[in-house]
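Q: I would like a close look at how the chains of this assembly meet. Please walk me through it step by step.
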There are 6 protein chains.
Amino acid sequence: MPYVKIQITREGATREQKARLIRGATDLLVNVLGKDPATTFVVIEEIETDHWGVAGETVTVLRERAGRPRQ
Amino acid sequence: MPYVKIQITREGATREQKARLIRGATDLLVNVLGKDPATTFVVIEEIETDHWGVAGETVTVLRERAGRPRQ
Amino acid sequence: MPYVKIQITREGATREQKARLIRGATDLLVNVLGKDPATTFVVIEEIETDHWGVAGETVTVLRERAGRPRQ
Amino acid sequence: MPYVKIQITREGATREQKARLIRGATDLLVNVLGKDPATTFVVIEEIETDHWGVAGETVTVLRERAGRPRQ
Amino acid sequence: MPYVKIQITREGATREQKARLIRGATDLLVNVLGKDPATTFVVIEEIETDHWGVAGETVTVLRERAGRPRQ
Amino acid sequence: MPYVKIQITREGATREQKARLIRGATDLLVNVLGKDPATTFVVIEEIETDHWGVAGETVTVLRERAGRPRQ
């Protein structure tokens with residue numbers, strides 16, 4: 001009965017991509033540990049880029065500096 | 001000084017129901033472990049049904065398939 | 001399909017008390033929101049008193065100062 | 001490679017204050033434990049006052065009773 | 001810069017299986033969302049079966065009743 | 001009434017260093033947001049290096065490869 005939490009920055013992940021994350025994380029627990037998918041939960045949390053910091057700066061700032069929309 | 005986190009899918013829980021969850025979880029810690037309610041925190045997190053997976057599928061899909069009365 | 005996490009300090013909660021926390025938290029979700037107990041998870045995390053801080057001090061220090069073994 | 005999660009009630013923290021929290025938490029891990037800031041994550045989660053309980057009541061109610069907008 | 005937390009019951013997962021969980025979860029984020037593995041964290045938390053409840057009972061009790069050592 | 005969780009790898013942080021993390025995180029919330037320290041919780045979670053992954057590998061492996069005991 002695993003519980004998986006996936007935290008990502010809110011930067012445009014689509015509903016289809018989220019469904020793939022859920023499918024993939026569930027398959028991982030089933031394949032590696034033989035868990036029952038019926039009691040495997042996966043929760044995705046999207047975090048605003050103003051709310052996620054790396055190296056002491058918000059991802060918002062890091063993205064602006066890199067001139068890069070993506071990670 | 002307990003900390004309780006309650007994650008539920010966002011499917012219409014009312015403000016009154018959330019207040020009952022907070023009251024009930026606090027009472028539980030007070031009654032079972034003698035904790036001080038003044039330092040008992042309860043945090044409710046509502047998760048979109050697209051963001052919660054069970055058995056490899058999103059709750060959105062599970063609800064649609066079930067023709068969904070249930071939560 | 002709720003997920004409840006209960007964090008408490010490691011100060012002697014018994015196996016029976018933990019079972020009551022699990023039962024009580026599950027009943028709460030069933031009674032207030034009509035959740036299915038079969039997909040209600042409750043996870044208890046016990047935290048060392050050296051690892052829990054309130055008011056800027058560890059619970060270890062707070063307990064010593066209060067001369068009180070309990071909360 | 002620390003991960004720091006800061007949960008606060010949603011009561012008007014500004015973007016600048018959040019950036020200071022991220023900077024400060026990162027510096028703390030660097031200064032106390034010598035961690036590499038490049039692999040230090042800080043995530044801020046803002047919780048609605050209806051979703052945060054203390055002493056068995058929501059922060060919304062506590063704020064109304066205190067006639068006080070802030071904490 | 002995703003953060004993935006995998007909570008499982010402590011029931012004998014090997015070091016090699018944990019390494020596969022970490023590899024698999026990282027690959028998932030890279031493949032689905034194009035994330036940089038260098039800033040993808042995966043944290044595994046093993047929870048005692050006395051501390052994990054499903055359907056109002058501890059996994060310890062559920063395992064004993066099922067006469068089954070595994071899931 | 002903030003709640004701060006600090007996850008670090010278990011690599012020899014001392015009791016005194018943990019107390020400094022607790023003090024520092026509390027001060028940060030007080031100084032930046034004017035929070036009341038009496039209702040500011042800080043929880044430190046130490047994670048085994050076998051249970052923490054970066055770039056798809058455990059920290060155990062990364063440390064061995066680097067021939068470096070620390071981060």
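How many salt bridges does the structure hold over all chains?

A: The model is predicted. Over all chains, the structure holds 42 salt bridges. One of them pairs Asp50(B) with Arg15(A). The closest N and O atoms of Asp50(B) and Arg15(A) are 3.2 Å apart. Asp50(B) sits in the loop between strand 2 (41-47) and strand 3 (52-54) of chain B, and Arg15(A) in helix 1 of chain A, so this salt bridge joins two chains. Side chains of opposite charge can pair when their charged atoms come close.

How are chains A and B related as copies? A turn of 120° and a shift of 0.0 Å along the axis lay chain B on chain A, with an RMSD of 0.0 Å. These two copies are thus related as by a three-fold rotation axis. Within chain B, Glu45(B) is the residue closest to that rotation axis, its C-alpha lying at 5.9 Å. Chains A and B use different surfaces. Of the contact residues of chain B, 13% recur in chain A.

Chains D and F follow another relation. A rotation of 180° with 0.0 Å of shift along its axis superposes chain D on chain F, at an RMSD of 0.0 Å. These copies are thus related as by a two-fold rotation axis. In chain D, Lys5(D) has the C-alpha nearest the axis, 2.6 Å from it. Of the interface residues of chain D, 100% are also interface residues in chain F, so chains D and F meet through the same surface.

Now the helices of this pair. Two packed helices are described by the angle between their axes and the distance between the axes. Helix 1 (residues 15-33) of chain D packs on helix 1 (residues 15-33) of chain F at about 160°, with the axes 10 Å apart. Angles over 145 degrees count as roughly antiparallel. Helix 1 of chain D and helix 1 of chain F are therefore roughly antiparallel to each other. Their crossing is right-handed. On the chain D side, the contact residues are Gln17(D), Arg20(D), Leu21(D), Gly24(D), Ala25(D), Leu28(D), Leu29(D), Asn31(D), Val32(D) and Leu33(D). Helix 1 of chain F contributes Gln17(F), Arg20(F), Leu21(F), Gly24(F), Ala25(F), Leu28(F), Leu29(F), Asn31(F), Val32(F) and Leu33(F). By class, the residues of this D-F helix contact are 12 nonpolar, six polar and two charged.

Next, chains A and E. The axes of helix 1 (residues 15-33) of chain A and helix 1 (residues 15-33) of chain E come within 10 Å and cross at roughly 160°. These two helices are therefore roughly antiparallel to each other. Helix 1 of chain A crosses helix 1 of chain E in a right-handed sense. The contact between helix 1 of chain A and helix 1 of chain E comprises 12 nonpolar, six polar and two charged residues. Among the residues that meet here are Leu21(A), Ala25(A) and Leu28(A) from chain A, and Leu21(E), Ala25(E) and Leu28(E) from chain E.

Chains B and C come next. Helix 1 (residues 15-33) of chain B and helix 1 (residues 15-33) of chain C pack at an angle of about 160°, their axes 10 Å apart. Helix 1 of chain B and helix 1 of chain C are therefore roughly antiparallel to each other. The crossing between them is right-handed. The contact residues include Gln17(B), Arg20(B) and Gly24(B) of chain B, with Gln17(C), Arg20(C) and Gly24(C) of chain C. This B-C helix contact divides into 12 nonpolar, six polar and two charged residues.

Which chains lack a contact? Chain B and chain E are joined by no contact, and their closest C-alpha atoms lie 14 Å apart. No contact joins chain A and chain F either, whose closest C-alpha atoms lie 14 Å apart.

Notes: Residues are numbered from 1 along each chain as its sequence is written. Chains are lettered from A and ligands numbered from 1 in the order in which they are written. This is a predicted model: local features need pLDDT of at least 70, side-chain atom pairs count only at pLDDT 80 or more; totals for chains, interfaces and linings use all residues. Side-chain values use heavy atoms; hydrogens and water are left out. Axes are lines fitted to C-alpha atoms, for helices over the stretch in contact, and angles run from 0 to 180 degrees between N-to-C directions. Helices (H or I, at least four residues) and strands (E, at least two) are DSSP runs, numbered from the N terminus. Angles under 35 degrees count as roughly parallel, over 145 as roughly antiparallel, 65 to 115 as roughly perpendicular and the rest as oblique. A crossing is left-handed if the near helix is turned anticlockwise from the far one by less than a right angle, and right-handed if clockwise. Contact means heavy atoms within 4.5 Å. Ala, Val, Leu, Ile, Met, Phe, Trp, Tyr, Cys and Pro count as nonpolar, Asp, Glu, Lys and Arg as charged, and the others, Gly among them, as polar. Copies are superposed by least squares on the C-alpha atoms of residues with pLDDT of at least 70 in both. A salt bridge is a side-chain nitrogen of Lys or Arg within 4 Å of a carboxyl oxygen of Asp or Glu.
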